Amino acid sequence: SLAAMAEEEDEGPKKSVFETIQDNVGLTWALKVVKDERERRQATDFQHPYEMIHNVVKTMQFEMVMGSLIVTNCVFIGIEASEKGGHNSDLYSACEHVFTALFLIEWILRVISDGWVWMVDFYNFCDFLLVFVTGVLTQWVMAPAQMDVEFLQMFTVLRALRLIRLARAVRLIPSFKEMWLLLRGLTDSLRTLFWTMVIIFCVLYVFAIAATEMIGKHESFQEDEAVQLLFGDLLKSMLTLLQVMTLDTWADTVARPVMDKLPQMAMFFVFFITVAVFVLMNVITAVIVENAFAIAKEDEEQQAKMKERQKAKELEALREMFMEIDEDGSGELTTEEFLAAIKNEKVKRRLMVLEMEEGELEEVWNILDNGDGTLTVDEFTQGLRKMNGEARSKDILEMLKSLRKSVRDSVQLVDKIENMECTLVSMHEDVGEVQRDMGILLQVCRTLQATFTQAAANMQQRPPSAATTAPKAPTGLPTAAKTIAVS
């Protein structure tokens, strides 16, 4: 009905046959479980139950040790294969038991470190099969049960392929970048190699049919055993043309014996070499090179993502440390809070993990503080990240930029100081002039004071009869007046 069709349309797009099969067999649910477990382990708040084992397994030293064991095992396998008579078979058997035990311990440690999801990865699963099928199953299950293990023992040499995992571990080191690109290009070019073989087979098939018809069945070569060996049937013609494609003595052993009786077949060989060698092989080379460039670009993007995730985890851990140190919850660290925190063993261990010595912890504050006596979250986290590890080009450029700014500020400060010095000198001269003027004024005031004092004394000494007479002007007034005028 129309209502049922409308309900089906509301349910969303229909699932494909492959998705339906995934749902029926439970593969969708399994993939979701794997994804959830990986996200849980990649979360910043995830606490590893076996942190010490995890830290050991993730070190480069562990990878180098296991790589050395794999190489040593391959050397023993080669020596055993080269020896005739089996005189030291017991020694090689004992060594195989030792290597199997060591590889089993390695597998257990990796599962403990990365969890069961480590097995879901394709390369890790192949590694698991190599360890268990060529080691545990062969040496500890089938051999004691008196079962034939000769066929499985031939695959023990495949353990050398486990070195690919070591190459994946060291790919971030610049010295091993080219090696990883070669291995990655080799493994990722398998699909390209398959289609290359298909196209080459088609080209050889078409030209082999033509060669068989024009050369192998030609009446001039019916009794020629050499030509019949080269072009007698389809398979022989394909093998011969493959030899021509590799340019392996094709002119003397293939083309010239045919051209002695059929000179026109020279055009056939020239046309085949043009198509198969000059065009097809160069196109295949171009495709492989393009694939290698794509792999290199993808690998750089993956490395950038890994570094971003590592940076986010480091910043989150440093923020948690900041919150623990910030006792008052103000969002800023003071000198007292930091110095009190570095006495805490937990905080001290975290700082020492960042490659800081115990005697350098008190100097960290002086390095991180920009002069205001407090540290914000960004100053604390970014500062500790920059102090950990080697200086990057970005850090050096930022330092140079800061130094240039400091030099400019210093030059401006020197100019201001020189201007201030000139101003102070001018002010000193003005103060000197004012001081001289004040001295002259003080002298005038003293003269006036003395004159008025003398005049008052003269008036007191005069007899009363002279009080009615007009007083005389003091003799000192003209002198004072002259002094004021001069000033």
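**Exercise 1. A loop residue**

What is the relative accessible area of Thr249? Find its place in the chain and describe its phi angle too.

*Solution.* Before we start, note that this is a predicted model, in which local features need pLDDT of at least 70 and side-chain atom pairs count only at pLDDT 80 or more, while totals for chains, interfaces and linings use all residues. Residues are numbered from 1 along each chain as its sequence is written, and side-chain values use heavy atoms, with hydrogens and water left out.

Step 1: Thr249 has a relative accessible area of 47% and is partly exposed (buried means under 20%, exposed over 50%, partly exposed in between, with a 1.4 Å probe and protein chains only).
Step 2: Thr249 is found in the loop between α13 (234-245) and α14 (250-259). Helices here are DSSP runs of H or I with at least four residues, strands are runs of E with at least two, and both are numbered from the N terminus.
Step 3: phi of Thr249 is near 45°, a positive value in a residue other than glycine.
Step 4: now try Gln146, in the loop between α7 and α8. Its phi is near 60°, again positive in a residue that is not glycine, and with 72% relative accessible area Gln146 is exposed.

**Exercise 2. The whole chain**

How many helices and strands does the protein have, and what share of its residues counts as buried?

*Solution.*
Step 1: the protein has 21 helices and two strands.
Step 2: of its 487 residues, 27% count as buried.
Step 3: the accessible surface comes to about 33,700 Å², and 63% of that belongs to carbon and sulfur atoms. Accessible areas come from the Shrake-Rupley method with a 1.4 Å probe; for residues, only the protein chains shown count as cover.
Step 4: look at contacts (heavy atoms within 4.5 Å). Among contacts with a separation of 6 or more, 64% join residues 24 or more positions apart.

**Exercise 3. Around Val111 and Trp118**

Is Trp118 buried or exposed, and which residues does Trp118 contact beyond four places in sequence?

*Solution.*
Step 1: Trp118 lies in the loop between α6 and α7 (122-142).
Step 2: its relative accessible area is 8%, so Trp118 is buried.
Step 3: leaving aside neighbours within four places, Trp118 is in contact with Trp107, Arg110, Val111, Asn124 and Asp127.
Step 4: follow one of these partners, Val111, into helix α6 (residues 89-114). Val111 is partly exposed at 22% and touches Trp116 and Trp118, not counting residues up to four places away.
Step 5: check C-alpha distances. Trp118 and Arg38 are 80 residues apart along the chain and 9.3 Å apart in space, while Val111 and His54 are 57 residues apart in sequence and separated by 9.7 Å.

**Exercise 4. Pairing charges**

How many salt bridges does a search of the whole structure find? Compare the surroundings of some of them.

*Solution.*
Step 1: the search finds ten salt bridges (a side-chain nitrogen of Lys or Arg within 4 Å of a carboxyl oxygen of Asp or Glu). Side chains of opposite charge can pair when their charged atoms come close.
Step 2: Glu106 pairs with Arg110, with the closest N and O atoms 3.0 Å apart. Both lie in helix α6, four residues apart, about one turn of the helix, and both are buried.
Step 3: Asp36 and Lys32 meet at 3.0 Å, N to O; they too are four residues apart, in helix α3 (residues 27-42). Asp36 is partly exposed at 36%, and Lys32 is exposed at 51%.
Step 4: Lys217 and Glu213 meet at 3.3 Å, N to O. Salt bridges with shared partners also join Glu37, Arg40 and Arg41 into one network.

**Exercise 5. A nonpolar surface patch**

Which residues form the nonpolar patch on the surface?

*Solution.*
Step 1: apply the patch rule: residues have over 30% relative accessible area and no salt bridge, with like charges joined within 9 Å and nonpolar side chains (Val, Leu, Ile, Met, Phe, Trp, Tyr) within 5 Å.
Step 2: the nonpolar patch consists of Phe151, Met154, Phe155, Val157, Leu158 and Leu161, with about 570 Å² of accessible area together.
Step 3: place one member. Phe155 is in the loop between α8 (150-153) and α9 (163-169) and is partly exposed at 34%.
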